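Biologist: Please give me a close look at the salt bridges in this model and at the surroundings of the residues that form them. I would like one connected account that follows the chain outward from those side chains.

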Amino acid sequence: MNIKVEEIIMLDIGTKAPDFTLHSTPDQTLSLNELKGKNVVLVFYPADWSLVCSDELSLFNQSKKLFDQSNTIAIGISVDSKWSHMAFTESRSLHMPLLADFEPKGEVSKLYNVYNEKNGYSERAIYLIDKEGLISWSYLSPEGINPGVDGVLDAIDRLNK
């Protein structure tokens with residue numbers, strides 16, 4: 001079986017990560033520049049409530065202690081609304097921020113070259129941003145495949161050596 005990922009060219013390693021501000025709750029926002037001094041894992045995913053996305057975010061949620069130990073925060077980003085994220089977070093008992101790239105739709109996903117124009121959502125992609133705000137690792141996964149957390153945990157280990 002051949003697995004095809006759309007022709008996406010992710011941002012280069014060493015590139016300064018584009019700053020953004022998105023809603024993390026209906027009345028709060030989070031900006032990338034607020035997280036300087038921490039490693040940041042941006043987990044772009046297609047949609048709340050889908051089976052693969054639920055599994056993927058559950059794995060990242062379960063790995064929170066490992067991220068905390070390495071001064072790293074994982075953040076989910078999709079084009080779903082802040083209201084959808086709030087319900088999804090509560091239903092899945094997630095302890096990681098989910099950011100709403102809702103309006104203008106996909107604006108941040110486009111900044112990171114992971115927006116799927118044809119389908120109107122983010123590709124399943126992960127960026128690791130170091131404490132200085134530079135992209136240090138990235139991974140693009142086929143939409144229906146949960147990439148897990150091992151790759152990003154290995155990248156964090158290499159970054160912290």
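Modeller: A salt bridge is taken here as a side-chain nitrogen of Lys or Arg within 4 Å of a carboxyl oxygen of Asp or Glu. What follows describes a predicted model, and by this rule the count comes to three salt bridges.

I begin with Glu56 and Arg124, whose closest N and O atoms are 2.6 Å apart. This salt bridge links distant parts of the chain, since Glu56 belongs to helix α1 (residues 51-62) and Arg124 to strand β8 (residues 124-129), with 68 residues separating the two. Neither partner is at the surface, as both Glu56 and Arg124 are buried.

Arg124 leads to the strand that carries it. β8 is largely enclosed by the rest of the structure, because six of its six residues are buried. Its two faces can be told apart by their residues: Arg124, Ile126 and Leu128 are on one side, Ala125, Tyr127 and Ile129 are on the other, and both faces are covered. Along its edges, β8 pairs with strand β3 (residues 39-44) in the antiparallel sense over five bridges, and within that pairing Leu42 stands opposite Tyr127. β8 also pairs in the antiparallel sense with strand β9 (residues 135-141), here over six bridges, and Ile126 has Tyr139 of β9 as its bridge partner. β8 and β9 form a hairpin with five residues between them, and in the turn Gly133 has a positive phi of about 90°.

Two residues of this strand arrangement also take part in ring contacts. Tyr127 forms one aromatic cluster together with Phe20, Phe44 and Tyr112. The structure holds seven aromatic pairs. One of them joins Phe60 and Phe67, which are stacked at 5.9 Å centre to centre with 10° between the planes. Phe60 counts as buried because its relative accessibility is 1%, and Phe67 counts as buried because its value is 2%. Tyr139, the bridge partner of Ile126, forms a stacked pair with Trp137, at 6.3 Å centre to centre and 10° between the planes. The accessibility of these two rings falls into separate classes: Trp137, at 16%, counts as buried, while Tyr139, at 37%, counts as partly exposed.

The next salt bridge joins Asp68 and Lys64, at 3.0 Å from N to O. Here the partners are separated by about one helical turn, because they are four residues apart in helix α2 (residues 64-69). Asp68 counts as partly exposed because its relative accessibility is 46%, and Lys64 counts as partly exposed because its value is 34%.

The remaining salt bridge joins Glu117 and Lys110, at 3.8 Å from N to O. Glu117 is exposed, because its relative accessible area is 57%, whereas Lys110 is partly exposed, because its relative accessible area is 39%. Lys110 has a ring contact as well, for it lies over the face of Tyr115, at 4.9 Å from the ring centre.

From here it is worth following the backbone into α4 (107-111), which is one of the elements around the largest pocket. About 170 Å³ of space lies in that pocket, and the closest to its centre of the 14 lining residues are Leu22, His23, Ala100, Phe102 and Glu103. The elements that give two or more residues to the lining are β1 (21-25), α3 (82-92) and α4 (107-111), with the largest share, three residues, coming from β1. Glu103 also takes part in a cis peptide bond with Pro104, where omega is about 0°, and Pro104 is found in the loop between β5 (98-100) and α4.

Some backbone features remain to be noted in other loops. Most residues other than glycine have a negative phi, and most peptide bonds are trans. Trp49, however, has a positive phi of about 75° and lies in the loop between β3 and α1; Trp49 counts as partly exposed because its relative accessibility is 43%. Ser93 likewise has a positive phi, of about 50°, and is found in the loop between α3 and β5; Ser93 is partly exposed, because its relative accessible area is 45%.

How values were computed
Residues are numbered from 1 along each chain as its sequence is written. This is a predicted model: local features need pLDDT of at least 70, side-chain atom pairs count only at pLDDT 80 or more; totals for chains, interfaces and linings use all residues. Side-chain values use heavy atoms; hydrogens and water are left out. Rings of Phe, Tyr and Trp (its six-membered ring) pair if their centres lie within 6.5 Å; planes under 30 degrees apart count as stacked, over 60 as edge-to-face and the rest as tilted. Buried means under 20% relative accessible area, exposed over 50%, partly exposed in between (1.4 Å probe, protein chains only). A charge sits over a ring if NZ of Lys or CZ of Arg is within 6 Å of the ring centre and within 35 degrees of the ring normal. Two strands pair if DSSP finds at least two bridges between them. On a 1 Å grid over the protein atoms alone, a cavity is a set of points where a 1.4 Å probe fits but cannot get out, and a pocket is an open set with protein on both sides within 12 Å along at least five of seven lines; lining residues have an atom within 4 Å of a point. Grid points are joined across faces, edges and corners, and a volume is the space filled by probe spheres set on the points.
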